[in-house]
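Reader: Please take a close look at one part of this protein for me, the nonpolar core, and then place that part in the rest of the chain. A plain account is enough.

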Amino acid sequence: LVARMRGFGETIFAEMSALAVRTGSVNLGQGFPDEPGPAGVLDAAVDAIRAGANQYPPGPGTPELREAVAAQRAERYGLSYDPATEVYVTVGATEGIAASVLALAGPGDEVIVFEPYYDSYAAVIALAGAVRRPVTLRPVEGRFTFDPDELRAAVGPRTRAILVNSPHNPAGTVFTRDELEAVAGVCREHDLVAITDEVYEYLTFDDAEHIPLATLDGMRERTVSVSSAGKSFSVTGWKTGWVTAPAPYVRAVQTVKQFLTYAVSAPYQLAAAYALRNEIPWVEELRKSLQAKRDRLVTGLEAAGFTAYRPQGTYFVQADIRPLGFTDGMELARALPEKAGVVAIPTQVFYDHAEAGAHFVRFAFCKRDEVIDEAVERLARLR
Ligand code: PMP
Ligand code: GLN
């Protein structure tokens with residue numbers, strides 16, 4: 001294995017899901033729903049296969065999906081993108097982010113990330129030969145946020161891009177307009193590109209609102225926005241995502257992406273287009289149901305003795321393990337199946353500053369109520 005990828009090992013999601021299967025534990029680790037997506041969307045994929053959408057689709061994506069994505073960005077956020085030149089379909093958001101980073105950052109360049117960061121960010125920055133500069137999200141009055149001075153201090157002469165994930169996994173923060181303004185200010189001042197990960201764009205709770213960074217002044221022209229169908233429509237296994245950006249950035253992404261995977265599974269693109277056009281009301285119901293599940297899990301974790309951070313979005317809760325007498329989340333996550341029959345994700349693997357994250361574990365609540373209840377009952381035995 002090449003030096004720059006040493007230390008990445010197996011992803012924590014694979015490790016923890018395998019552990020859940022091996023031990024028969026309730027899996028609140030890897031974030032995937034245990035209920036199906038909208039029936040119409042599932043039918044659309046089957047219909048597309050039967051109708052013969054089984055050969056290579058166009059590299060940039062099927063026109064149906066590119067047009068549906070452009071329409072969604074326009075209707076929901078007032079952002080206008082040309083489906084022919086400013087939308088590109090990728091193998092999930094993961095490939096969209098990877099191709100963007102590989103296209104925009106080279107050896108020795110720096111990319112700013114907010115830690116805890118989604119694990120693929122660190123790996124793909126390393127693949128690019130670039131260096132990550134983490135800015136830490138810390139709890140302030142029950143919500144994870146960053147210090148704008150720390151963000152400004154992270155910028156150097158080699159900084160090329162900032163990766164911004166909102167709604168944020170695993171912190172659960174939905175960045176406010178003020179927070180996004182701080183990011184935008186840094187991007188404008190230092191001529192940086194923003195790469196946004198908006199996979200949880202629909203999954204926001206209470207009065208939190210997802211604001212795409214590209215909608216801020218001067219940002220559309222320097223933002224590569226990434227999203228996907230997996231979370232919105234409960235089809236995480238479909239790995240169908242997209243990038244929207246000004247044409248020169250899309251061309252840069254294309255140059256990389258076409259040699260990673262060339263194209264994306266045709267039937268899922270057609271089904272994702274159908275989903276964006278027809279199933280937003282379904283997503284609104286999902287959102288409401290997830291908000292109730294969030295509260296169910298937070299209440300249960302608190303009763304079990306954790307300090308739980310109620311997220312504004314996503315389907316994850318960060319929980320502080322110290323009130324239960326534990327200090328190392330990795331140690332606890334590895335012992336949890338035996339101690340309680342539950343699997344969680346040790347968030348410390350998403351931090352460079354281990355001390356900022358050592359005492360957190362992440363629980364997913366995109367699960368049936370009885371699964372959440374069973375997990376919470378088991379966790380109550382930890383005391
Ligand atoms: N970004 C974040 C923040 C995620 O939680 C996930 C997990 N699905 C992804 C990206 C990957 O999305 P996809 O499955 O569309 O590649
Ligand atoms: N996004 C999911 C999570 O955070 C898992 C994705 C994966 O398995 N790579 O749990």
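Author: A good place to start is Leu301, whose contacts, leaving aside residues up to four places away in sequence, are Phe306, Ala308, Val317, Ala319, Phe363, Val376 and Leu379. The model is a predicted one, and what follows should be read as a description of that model.

Leu301 belongs to the largest nonpolar core, which has 124 residues. Together with Val101, Ala194 and Phe363, Leu301 is among the residues with the most contacts inside this core. Phe363 thus appears twice here, since Phe363 is also one of the residues that Leu301 touches. Helix H9, residues 266-278, supplies the largest share of the core, 9 residues. Domain 1 (3-37 + 281-382) and domain 2 (39-278) each contribute at least three residues to the core. As a general background, nonpolar side chains tend to be buried together in soluble globular proteins.

The two domains come from the domain assignment, which gives 3-37 + 281-382 for domain 1 and 39-278 for domain 2. Their C-alpha centres are 24 Å apart. The contact between them takes 35 residues from domain 1 and 36 residues from domain 2. On the domain 1 side, the elements that give two or more residues are helix H10 (280-304), strand S12 (316-320) and helix H12 (354-357). H10 gives the most to that side, with 6 residues. By type, the domain 1 side divides into 18 nonpolar, 10 polar and 7 charged residues.

H10 also holds Asp295. Asp295 has 13 other C-beta atoms within 10 Å, so Asp295 is partly exposed; the buried class begins at 20. From Asp295 to Arg310 the separation is 15 residues in sequence, and their C-alpha atoms are 7.6 Å apart in space.

Seen as a whole, the protein chain has 13 helices and 15 strands. Its radius of gyration is 20 Å, close to the 21 Å that the globule rule gives for 383 residues, so the chain is as compact as a globular protein of that length. The C-alpha trace spans about 55 × 55 × 45 Å along its principal axes. Of the 383 residues, 53% count as buried. Taking contacts between residues at least 6 apart in sequence, 72% join residues at least 24 apart.

Next come the two ligands. Ligand 1 is surrounded by 13 residues, and the closest are Gly92, Ala93, Thr94, Asn169 and Ser228. Helix H4, residues 92-104, provides the largest share of this shell, with 3 residues. The shell around ligand 1 divides into 3 nonpolar, 8 polar and 2 charged residues. Around ligand 2 are Thr11, Phe13, Gln30, Gly31 and Asn169. That shell consists of 1 nonpolar and 4 polar residues, with no charged residue. Asn169 is therefore listed for both ligands, being among the closest to ligand 1 and part of the surroundings of ligand 2, where a residue counts as near if its C-beta atom lies within 6 Å.

Asn169 has a backbone feature as well: the peptide bond from Asn169 to Pro170 is cis, with omega near 10 degrees. Pro170 is in the loop between strand S7 (159-165) and helix H7 (177-190). Another cis peptide bond joins Glu115 and Pro116, with omega about 0 degrees. Pro116 sits in the loop between strand S3 (110-115) and helix H5 (119-127).

Two aspartates have a positive phi, in each case in a residue other than glycine. For Asp191, phi is near 55 degrees. Asp191 is found in the loop between H7 and strand S8 (193-197). With 9 C-beta neighbours inside 10 Å, Asp191 counts as exposed. For Asp206, phi is near 50 degrees. The loop between S8 and strand S9 (223-228) is the place of Asp206. Asp206 has 11 other C-beta atoms within 10 Å and is exposed because that class takes in counts of 12 or fewer.

To return to the part you asked about: the core of 124 residues draws at least three residues from each domain, and Leu301 is one of the residues with the most contacts inside that core.

Notes: Residues numbered from 1 in each chain as written. Chains lettered and ligands numbered in written order. Predicted model: local features only at pLDDT ≥ 70, side-chain atom pairs only at ≥ 80, totals over all residues. Core = buried A, V, L, I, M, F, W, Y, C linked by C-beta atoms within 7 Å. Helix = DSSP H or I, 4+ residues; strand = E, 2+ residues; numbered from the N terminus. Domains from an automatic or database assignment. Contact = placed C-beta atoms within 7 Å. Nonpolar A, V, L, I, M, F, W, Y, C, P; charged D, E, K, R; others polar. Rg over C-alpha atoms; globule rule 2.2 N^0.38 Å.
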